[in-house]
Amino acid sequence: MKSKTIKVDYLARVEGEGALSIRLKAGRVEEVYFKIFEPPRFFEAFLRGRTYTEPPDITARICGICPVAYQMSAVHAIEDACGVRVEGPLRTLRRLLYCGEWIESHVLHIYMLHAPDFLGYEDAIRMAKDHPEVVQRGLQLKKAGNEIVKLLGGREIHPINVRVGGFYKVPAKRDFAPLAERLKWAADAAEETVRWASTFPFPDFEQDYTFVSLHHPDEYPFNEGRLISNRGLEIVAAEYEAHFIEEHVAHSNALHSVMKEGGAYFVGPMARYSLCYDQLLPRAKEAARAAGLGPICRNPFRSILVRGVETLQACEEALRIIENYEMPDTPAVEVPPHAGTGYACTEAPRGTLYHRYTLDDAGILLNAKIVPPTSQNQKTIENDLREFVPRHLHLSDEALTWQCEQAIRNYDPCISCATHFLKLDIERA
Amino acid sequence: MSKALLIGVGNAFRHDDGVGLWVVQEIRKRNIPNLTVLESSGDGAELLDAWQEADTVVLVDATQSGSAPGTLHRLNAREQPLPAYLAPRSSSHLFSIAEAIRMGAILNQLPRCLLLFGIEGRDFSPGCGLSSVVQQTAQELVLTLCTDLPALISR
């Protein structure tokens, strides 16, 4: 078989600027590069010298779809440095805000970015022509998430109400009433989403991944827990850098994160689901079971189902929080500056987001480190393609390219986060 | 009396990209009766949603079409095809305005009247304030809209 290159210049339906290049020779994959050419953004550098209250607002700007994740990892890491723990209703409100972001982000990906792959449409607008009621459901479901973020975060995108120690302002119980009604509808719609997605054709592609996610004995993980893997890792956020290392690779402006003792690993919905299945609420578990998902999912194409299950989980969790909500006495606890280093991992929609900050005794940031989910998944994405392409060489270039793009979209990669769009290039030599 | 919505789209921290916001802020000061004013970052899903509440929508945004800075583009989105300069999408996290219009048309969610005004920007670099040529067109558009909006509302 002769050599060959397949090229797609800009991958659609991913966030940020990137490309993929695959070179094949005699039916073998010679090279897979998931290239990120979005320019580096230097957030860590320009945090230096700022005060310790600023990272939640500055780092939220890294991403338009997961600003809450940045705010949460930032406040937890700074509170860790200052020796303060935020408990009770303020902790619960942080979970609620995270529910909103998961709903927004997952629903956008399921309906607008990923479902068109399975149903054979170039984009959601073309899909809407044939399935208007489905797209309508997606838009309304996403809106439920937006409304949580708007109510608690002050606005839908780049919320402004999060601060170290809690919030600037907290809602009264009555403010949640209209939201509760919408969320009841949203939970039903999320359940229907899982059922709908379970009818999609999924390529048979199971991989033996190293899954990494936060794990908390009493709840599905958002803000807190130990970082665990299915290979025996169990650490606290402060130990993260002893186990994970970021490497610079020539073809990407995003650092590749690997495990010191075992290379590529997998973060995100499928890792969380597989490691924290027991912590899912009954309705989410039941929806998963009905959709044919076991307690572990190793086929990344089925991640659309897992996102649906997590959307249902977030709707149900949000409802429970709202029902039991009592307005806290104070919107935030005092967090006086304290010299030291603080660490946090929280679960962004796309996976574990690590922050580390060192402050001096006046609260000035001496350094910062941020490891977003997409940089952790880059190597796994490349590995998937290395496995996937040789099994699908019978496909036309057009079909193979589409499936490769789909394999990348399985991870809902956020390249803006990782560098802080995507070009696809398959070469058959 | 129809429900009218004036939307300014843009980013005030990107110089001329903020012109849509500037125009609607100026018009808001005039307190035109029965006119709702919305400032938006341009999230198409948000726009689609907002449009459902209105019969008449006037949307003002900055453009980068290649024409001379300060040029005013006017488009009746219910009657005219979308020009190419509206096409690019900035992010997969959001729909663009053009995508929102296409999606709205498919889902039968467009307002009866949807007028777009685009002012060609010169400077989209980080920072506040409009270029003088853009500011001048923006001031003229404010005057035009203040004259025309009451008639659109009373239709």
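Let's start with one pair of residues: in chain A, Ser213(A) sits opposite Ile228(A), a residue of strand 7 of chain A. Keep in mind as you look that this is a predicted model.

Zoom out from that pair and you'll see strand 6 of chain A joined to strand 7 (residues 226–229) of chain A by four bridges, with the two strands running antiparallel. They belong to an open sheet of three strands in chain A, with antiparallel pairing and the order 6-7-8. Its edges are strand 6 (212–215) and strand 8 (234–235) of chain A, each of which pairs on one side only. Helix 9 (residues 269–276) of chain A packs on this sheet, where it touches strand 6 and strand 7 of chain A. The direction of helix 9 makes about 55° with that of strand 6 of chain A.

Further along chain A, there's a helix pair to look at. Helix 10 (residues 282–290) and helix 11 (residues 303–323) of chain A pack with their axes 8 Å apart, at an angle of about 160°. Angles over 145 degrees count as roughly antiparallel, so that's how helix 10 and helix 11 of chain A lie relative to each other. Their crossing is right-handed. On the helix 10 side of chain A, you'll find Arg283(A), Ala284(A), Ala287(A) and Ala288(A), and they meet Val309(A), Leu312(A), Gln313(A) and Glu316(A) of helix 11. Sort the residues of this contact by character and you get five nonpolar, one polar and two charged.

Now hop over to chain B, beginning with strand 3 (residues 56–63). Is strand 3 of chain B mostly covered or mostly open? It's mostly covered, with seven of its eight residues buried. Strand 3 of chain B runs parallel to strand 1 (residues 4–9) of chain B, and five bridges join the two; one place to spot this is Leu5(B), whose bridge partner in strand 3 is Val57(B). Strand 3 also pairs in the parallel sense with strand 5 (residues 113–120) of chain B, over eight bridges. Here Val58(B) has Leu115(B) of strand 5 as its bridge partner.

Chain B has a helix crossing too. The axes of helix 2 (residues 44–51) and helix 3 (residues 97–106) of chain B come within 8 Å and cross at roughly 45°, which makes helix 2 oblique to helix 3 of chain B. This crossing is right-handed. Helix 2 of chain B contributes Gly44(B), Leu47(B), Leu48(B) and Trp51(B) to the contact, while helix 3 brings Ile97(B), Glu99(B), Ala100(B), Met103(B) and Gly104(B). By character, the contact residues of helix 2 and helix 3 of chain B split into six nonpolar, two polar and one charged.

How values were computed: Residues numbered from 1 in each chain as written. Chains lettered and ligands numbered in written order. Predicted model: local features only at pLDDT ≥ 70, side-chain atom pairs only at ≥ 80, totals over all residues. Axes fitted to C-alpha atoms, helices over the stretch in contact; angles between N-to-C directions. Parallel < 35°, antiparallel > 145°, perpendicular 65-115°, else oblique. Left-handed = near helix turned anticlockwise from the far one by under 90°. Contact = placed C-beta atoms within 7 Å. Nonpolar A, V, L, I, M, F, W, Y, C, P; charged D, E, K, R; others polar. Buried ≥ 20, exposed ≤ 12 C-beta atoms within 10 Å, placed from the backbone. Pairing = 2+ DSSP bridges.
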